[in-house]
Number of protein chains: 2
Amino acid sequence: MSSSSAAPGRGEKAQAATAKPPMREALVAAAFQLFTERGYEQTTVDDIVALAGVGRRSFFRYFPSKEDVVFPDHERCLADMTAFLATSGAEHEPVRRVCDAARLVLRMYAENPAFSVQRYRLTKRVPGLRAYELSVVWRYERALAEYLRERFAGRRDGTLQADVIAAAVVAAHNNALRSWLRSDGQGDSSAAVDHALGYVQSAFGVAPAPGPALDEEPDDVVVVVSRRGAPLWRVVQEIETTLGRD
Amino acid sequence: MSSSSAAPGRGEKAQAATAKPPMREALVAAAFQLFTERGYEQTTVDDIVALAGVGRRSFFRYFPSKEDVVFPDHERCLADMTAFLATSGAEHEPVRRVCDAARLVLRMYAENPAFSVQRYRLTKRVPGLRAYELSVVWRYERALAEYLRERFAGRRDGTLQADVIAAAVVAAHNNALRSWLRSDGQGDSSAAVDHALGYVQSAFGVAPAPGPALDEEPDDVVVVVSRRGAPLWRVVQEIETTLGRD
C-alpha cells in the first residue's frame, strides 16, 4: 500500500464507500482533511471515522493511535529497510549499503510530495507529533546501526563505528529531506540526498557512487609520506591543499 | 544544583523536613525510591509528594511532569552547554569544541554513577521515558548543530556538515556512555568518551586532542600525489596502507 494514493483530498466519503481508495487510505485522507481544517489537537478519532464513513474499530484495525495515522507508511518502510539489509551479502560495501537503505525512506517521501509537505508542516506545529517522529527516526537509525554492527563484528571499535556512521547517515539524509520539504517539495530530492550521503561516505573513507570499485588496481595514485608517525589528519590536510580542495 | 546530592535513598522524609537535601532533591530521591519499589507507572505524583513530605504545588514548581523528575539535571546541562558554546571564539576549532561540549553531558552522568545506572535501567523498561530521553538527546544534538552551522556559515554544505558532525558526536558520546552504564558505572567513563570522540574527530579531518595545534608549521609531512583528479578516498586508502594502519 503506497502513500501515493493516500493524497489528502482524494479520499472523500463517497470514494470510501466504493472501497476506492481502500479503507486505510480513506482514513488517512479524512484525517488530514480534518487536521488541516480544524487542527490536529481539535480532531478526534470519532471525527475521522465519521468523515471516512467507517466505524471506530476499523480505524484501530489499521492505526494504534491518532498519531499513527499521520505517519501511515513508516512501518512498511521500516520493514522494507530491514528486509533490504537482511538480503545484503559480503559483496556489499557496508557504508554504501546503509546509504542505499536510507534512500528507501526518501523514496517513501518522494512518492507523494504534496502529502509529505503537508505532514511536515503539521509535524512542526504539534509537539506530540515531533516526539513521535523522533522515535521513528530512532528506529531507522537502530536498523542501520544493527546491520553495521554485524558487518563490523570483527573490528576493534566496531559498535562505536556502526553507531556513529548510522547516525551520520540519518542526519545527512534528513538534512537533505528537510531542505526539500521546506522548499515545498520542489527540486530533485534524490540528487540532494545523494549529495548529502556522499559527504558521509567520503568522511568514512568510502567512495561515493559512482566511484571506482574497491578492488580495482590502485595504480592511479602514488603517495610518498615523509614520516611514519605523522598523524593521518595532517596528511589528509596536506593532500587537500595539494589537490586544491577546501 | 548537582545530581550528586540527589542520590536515591538519601532523601528521606526527615531530611526533607530539615531542608537538607533541598526540596527539589528530596523529590527526586522520593520518586526514585518509589519507582524502584513499585514501578514507574504505578507511582503517582501524589505518592511522591507524600513520601517527600511536601505538597503537590511544590512538585510542579520544580517539575512540569512525572517524566521530568526522572531527568532532573538535563535542563541545567543544556543551559551549561549553550553557555559554553556561546562563549566560544574563532580560536576554538569547531569540531573539537562540540566534542568538549558533549563532555559536559558525560560529566553530569559521572557525577553520580549509582543514580545514573538506576535511571538507565528504569528508562530501558518504560517506553514513555525512552521517548522523553530521545527528545532530550535531540535538543543536545540541535544545540551542537546550531553552533556548528554558525561556525560553518561561509562553507559550501555548511548546514549539512554541521548536522552530520553534531549527530556523529552525539552518537559517539552515547555509545561510550551506554557501555559505561551497562557495566554498572564501572571503569573510566571519561577515557571511553574521549576515545569515542577521537574517532569522530579523525573522521572529520581534525586531530584528536592532544594533537599538534593546527597553526603549527606543516613541515613534518611531504606528500606527492600522482594525479590531480584522483578521488580523495583512494588517496587516503593509499596513505593508510603506507602508514601501516588498518
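Helices (H or I, at least four residues) are DSSP runs numbered from the N terminus. The model is predicted, so that local features need pLDDT of at least 70 and side-chain atom pairs count only at pLDDT 80 or more, while totals for chains, interfaces and linings use all residues. Residues are numbered from 1 along each chain, chains are lettered from A in the order in which they are written, and side-chain values use heavy atoms, with hydrogens and water left out.

**View 1. An aromatic pair within helix H2 of chain A.** Phe32(A) and Phe35(A) stand three residues apart in helix H2 (residues 23–38) of chain A, and are therefore separated by about one helical turn. Phe32(A) is buried at a relative accessible area of 1%, and Phe35(A) is likewise buried at 1% (buried meaning under 20%, with a 1.4 Å probe and protein chains only).

**View 2. A tilted ring pair that joins two chains.** The ring centres of Tyr199(A) and Phe204(B) lie 6.0 Å apart with planes at 35 degrees, so the pair is tilted (centres within 6.5 Å; planes neither under 30 degrees, which is stacked, nor over 60, which is edge-to-face). Because Tyr199(A) belongs to helix H11 (residues 189–203) of chain A and Phe204(B) to the loop between helix H11 (189–203) and helix H12 (232–243) of chain B, the pair joins two chains. Tyr199(A) is buried at 16% relative accessible area, and Phe204(B) is buried at 12%.

**View 3. A cluster of rings in chain A.** Ring pairs link Phe32(A), Phe35(A), Tyr40(A) and Phe115(A) into a cluster.

Note on methods
Buried < 20%, exposed > 50% of the residue type's maximum accessible area, 1.4 Å probe, protein only.
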